[in-house]
Amino acid sequence: FCEGNEVTLSSLFPTGNQWFYNGQAINGATSQQYVAVDSGYYKVGISQSSGTIFSDSILIQVFSAPQLAIVSDTAVCVGTAVDLHLMSQSGVTYSWFKGAIGGTSIIVSDNFLTPPITSTKIYYIESIGSNGCVSTERVPLTITALVTPVSDFTQIISPQGGQYPTT
């Protein structure tokens, strides 16, 4: 499973349990269930009147989440589509979203061509590792919409009267 998650291990016996991690008893872990969050070998010993019976060991592997995408906010004139590019990391793909949590991915790619920007917009990027693990958060990328300046010049032409000397 991916880091930040957990797996629950269960014994068939409601009492008499002692959970082990990498061959060592886990202090206080005597319930019917144990929640594992670290990589390693786990097993349970069950104390009965005839002695202790041990389960087979099970290997739990915790996979690292990928690094967060590296982004730079940008600004463009209103009406401009933006071709956004992420610096690729080996074994990582990127999923683009309109929201910080939930929602459907817009596209899975290192690149994203936005529709024309009409107002400031934030897109959120989630990193997905080759092991299937997803980044712990989505990184926001802000595109600021700049209003195109409108000139308000008025041309004034004044007739010039008078004499001009010539030589």
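Start with the open sheet: 5 strands, in the order β8-β14-β13-β10-β11, with mixed pairing. Color those strands and you'll find β8 (74-77) and β11 (107-108) at the edges, each pairing on one side only. Keep in mind while you look around that this is a predicted model.

**Stop 1: the β8 edge**

Select β8 together with strand β14, residues 139-146. The two run parallel and are joined by 4 bridges. To see how they line up, click on C77: L146 in β14 stands opposite.

**Stop 2: the β10 strand**

Now select residues 92-97, which make up strand β10. Is this strand mostly covered or mostly uncovered? Mostly covered, with 5 of its 6 residues buried. On one pairing, β10 meets strand β13 (residues 121-129) in the antiparallel sense, through 6 bridges. Find V92 and you'll see G129 of β13 opposite. β10 also pairs with β11, again antiparallel, over 2 bridges. Pick S95 here, and look for its bridge partner V108 in β11.

**Stop 3: the largest nonpolar core**

Show side chains for L84, Y94, W96, I125 and I143. These touch the most other members of the largest nonpolar core, which has 15 residues. β10, β13 and β14 are the elements that give two or more residues to this core. There is another core apart from this one, with 9 residues, including I26, A36, V44 and I60.

Zoom in on I143 next. Which residues does I143 contact, leaving aside neighbours within four places in sequence? The list is T74, V76, V82, L84, T114, I117, S119, T120, K121 and Y123. Try selecting those ten positions one by one around I143.

**Stop 4: the aromatic rings**

Time to look at rings. The structure holds 6 aromatic pairs. Select Y21 and Y42: their ring centres are 5.0 Å apart and the planes sit at 45°, so this pair is tilted. The two come from distant parts of the chain, 21 residues apart, with Y21 in strand β2 (residues 17-21) and Y42 in strand β5 (residues 40-48).

How covered are they? Y21 has 27% relative accessibility and counts as partly exposed. Y42 has 2% and counts as buried. Add W19 and Y34 to your selection, since ring pairs link W19, Y21, Y34 and Y42 into a cluster.

Before moving on, show F20 and K43. The charged end of K43 sits over the F20 ring, 5.7 Å from its centre.

**Stop 5: R138 and its partners**

Finish at R138, a residue with two things to show. First, select F97: R138 lies over the face of this ring, at 3.4 Å from the ring centre. Then add E126. What joins the side chains of R138 and E126? A salt bridge, at 3.1 Å from N to O. A search of the whole structure finds 1 salt bridge, so labelling this pair takes care of the item, and side chains of opposite charge can pair when their charged atoms come close.

Where do the two residues sit in the chain? R138 is in the loop between β13 and β14, while E126 is in strand β13, 12 residues apart. Switch on a surface as a last step: both R138 and E126 are buried.

Note on methods:
Residues are numbered from 1 along each chain as its sequence is written. This is a predicted model: local features need pLDDT of at least 70, side-chain atom pairs count only at pLDDT 80 or more; totals for chains, interfaces and linings use all residues. Side-chain values use heavy atoms; hydrogens and water are left out. Two strands pair if DSSP finds at least two bridges between them. Buried means under 20% relative accessible area, exposed over 50%, partly exposed in between (1.4 Å probe, protein chains only). A nonpolar core is a set of buried Ala, Val, Leu, Ile, Met, Phe, Trp, Tyr and Cys residues joined through side-chain atoms within 4.5 Å. Contact means heavy atoms within 4.5 Å. Rings of Phe, Tyr and Trp (its six-membered ring) pair if their centres lie within 6.5 Å; planes under 30 degrees apart count as stacked, over 60 as edge-to-face and the rest as tilted. A charge sits over a ring if NZ of Lys or CZ of Arg is within 6 Å of the ring centre and within 35 degrees of the ring normal. A salt bridge is a side-chain nitrogen of Lys or Arg within 4 Å of a carboxyl oxygen of Asp or Glu.
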